Amino acid sequence: MTVHAYGAHAGDQPLELLSITRRDPGAHDVQIDIAFCGVCHSDLHQVRGEWAGTLYPCVPGHEIVGRVSAVGAHVTRHQVGDQVGVGCMVDSCRQCADCEAGLENYCDGMVGTYNGPTPDAPGQTLGGYAQSIVVHERFVLRVGHDASQLAAVAPLLCAGITTWSPLRHWNAGPGKRVGIVGIGGLGHMGIKLARALGAHVVAFTTSKSKRAYAEALGAHEVVVSRDPSAMAAQAQSLDLIVNTVAAPHDLDAYLTLLKRDGTMVLVGAPSTPHPSPQVFNLIMKRRALAGSMIGGIPETQEMLDFCAEHGIVADIELIRADEINAAYERMLAGEVKYRFVIDSATLGA
Ligand code: NAP
Ligand code: ZN
Ligand code: ZN
């Protein structure tokens, strides 16, 4: 099937309307009519060639929601008409220890929703800035939210799970003080989710103007990280920090805010390295510096079910597909609160 999509032919070219081919659903495949797709900062890194190895044409998009329009003969998990989501993965080896553990995100054979290996033309997977997608049923999630919330559910598929997974792994909850660094697409979900899990939430932002927004998102405290005295007031106070910042910065400024045995988890993925932190800031208090990548399929379903139950969605600005290049510039300028979502109906018939 030929469908419309938005993608780029090179890292220094704008995204443009393309015609791409989706395979016919195989026995275990689900075909989805995409209703909305969130715009993640990773999309921008990848399509502009800021991370190594981008293959062109590149169609980004891994915060996909829509409805099932066809299923293969052996599909058992989903039916035509179901409201579903697809995140950052469309397949994996399905048999290694990571896959067995439901942590397909760490499988060496994980296939990204875009720029991943595939036998389908053109040789790399093409993502969700498109009218439809065909995905193995194991990588299709159920969305229990009301249909009217669907656009705002889309960012849960990456921004939501990428913050949920470390919050759960490092036991964010009642009695824990959790820092969320960077109030963008990921960070705003981190604040909502940490709050809903029962933690005391401290938001860190470089943008003074986001203070009131961060409080409205659920932060108990907001610290403007450019203010040294406000930073010093948080010294040795946090059990966990989830750092979402998309650019290199001084990690020591945050490591010193951890209690003994506290952990800072890096989820932001800048294209150039952070300056190396001071070893003494780690060894003096047995602190840990960790990383985390999206989340596995079972925990993604857990997060979606939790959000449906607690009425949690992203704060979004809906855009037409042809506004994507301007949206990238506005994302870089920090002008979006907090996620752009493409209305896939604007991709045309
Ligand atoms: P975003 O919406 O652009 O938010 C990033 C936030 O970082 C900004 O809102 C800003 O918050 C803060 N920031 C501070 N200094 C910055 C600078 N110089 N440049 C850019 N941001 C700066 O991005 P996002 O979609 O949340 O993604 C954040 C990062 O996570 C990206 O690198 C993305 O590739 C990565 N990511 C990783 C995973 C994973 O699995 N680990 C998954 C998805 C995305 P303040 O204004 O509050 O300071
Ligand atoms: Zn993403
Ligand atoms: Zn595997």
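**Exercise 1. What arrangement do the 4 donor atoms around the zinc ion (ligand 3) form?**

Solution. The model is predicted.

Step 1: identify the donors. The zinc ion (ligand 3) has as protein donors the SG atoms of Cys-93, Cys-96, Cys-99 and Cys-107, which lie 2.3 to 2.4 Å from it.

Step 2: examine the angles. Four donors count as tetrahedral if all angles lie between 85 and 135 degrees. The 4 donor atoms here subtend angles of 104 to 117°, so the arrangement is tetrahedral.

Step 3: set this beside the ideal. For four tetrahedral donors the ideal angle is 109.5 degrees.

**Exercise 2. State the spacing of the zinc donors along the chain, and locate Cys-96 and Cys-107.**

Solution.

Step 1: read off the spacing. Along the chain, the donors of the zinc ion (ligand 3) follow C-x2-C-x2-C-x7-C.

Step 2: place the two cysteines. Cys-96 is in the loop that runs between strand 6 (89-91) and helix 2 (97-100), while Cys-107 is in the loop between helix 2 and strand 7 (111-112); the pair therefore ties together parts 11 residues apart in sequence.

Step 3: classify their accessibility. Buried means under 20% relative accessible area. Cys-96 has 23% relative accessibility and so counts as partly exposed. Cys-107 has 6% and so counts as buried.

**Exercise 3. Is Ser-92 buried or exposed, and which residues does Ser-92 touch?**

Solution.

Step 1: locate the residue. Ser-92 sits in the loop between strand 6 and helix 2.

Step 2: apply the cut-off. Ser-92 counts as buried because its relative accessibility is 6%.

Step 3: list the contacts. Leaving aside residues up to four places away in sequence, Ser-92 touches Cys-99, Glu-104, Cys-107, Gly-109, Met-110, Val-111 and Phe-139. Cys-99 and Cys-107 in this list are also donors of the zinc ion (ligand 3).

**Exercise 4. Describe the surroundings of ligand 1.**

Solution.

Step 1: find the nearest residues. There are 28 residues around ligand 1, of which His-41, Thr-205, Thr-206, Ser-207 and Arg-339 come nearest.

Step 2: assign the helices. Helix 1 (41-47) and helix 5 (185-196) each give at least two residues to the shell. Helix 1 supplies the largest share, 3 residues.

Step 3: list polar atom pairs. An N or O atom in the side chain of Lys-210 is 2.7 Å from an oxygen atom of ligand 1. Nitrogen atoms of the ligand lie 2.9 Å from a backbone N or O atom of Val-267 and 3.0 Å from a polar backbone atom of Ser-292.

Step 4: give the coverage. On its own, ligand 1 has 910 Å² of accessible area, and the protein covers 85% of this.

How values were computed:
Residues are numbered from 1 along each chain as its sequence is written. Chains are lettered from A and ligands numbered from 1 in the order in which they are written. This is a predicted model: local features need pLDDT of at least 70, side-chain atom pairs count only at pLDDT 80 or more; totals for chains, interfaces and linings use all residues. Side-chain values use heavy atoms; hydrogens and water are left out. Donors are N, O and S atoms within 2.8 Å of the metal (3.2 Å for Na, K and Ca); water is not among the atoms, so sites may look incomplete. Four donors count as tetrahedral if all angles lie between 85 and 135 degrees; four count as square planar and six as octahedral if opposite donors are over 155 degrees apart and all others between 65 and 115; anything else is irregular. Helices (H or I, at least four residues) and strands (E, at least two) are DSSP runs, numbered from the N terminus. Buried means under 20% relative accessible area, exposed over 50%, partly exposed in between (1.4 Å probe, protein chains only). Contact means heavy atoms within 4.5 Å. A residue is near a molecule or strand if one of its heavy atoms lies within 4 Å of it. A polar contact is a pair of N or O atoms within 3.5 Å; within protein, one must be able to donate a hydrogen and the other to accept it, and residues adjacent in sequence count only if both atoms are side-chain atoms. Accessible areas come from the Shrake-Rupley method with a 1.4 Å probe; for residues, only the protein chains shown count as cover.
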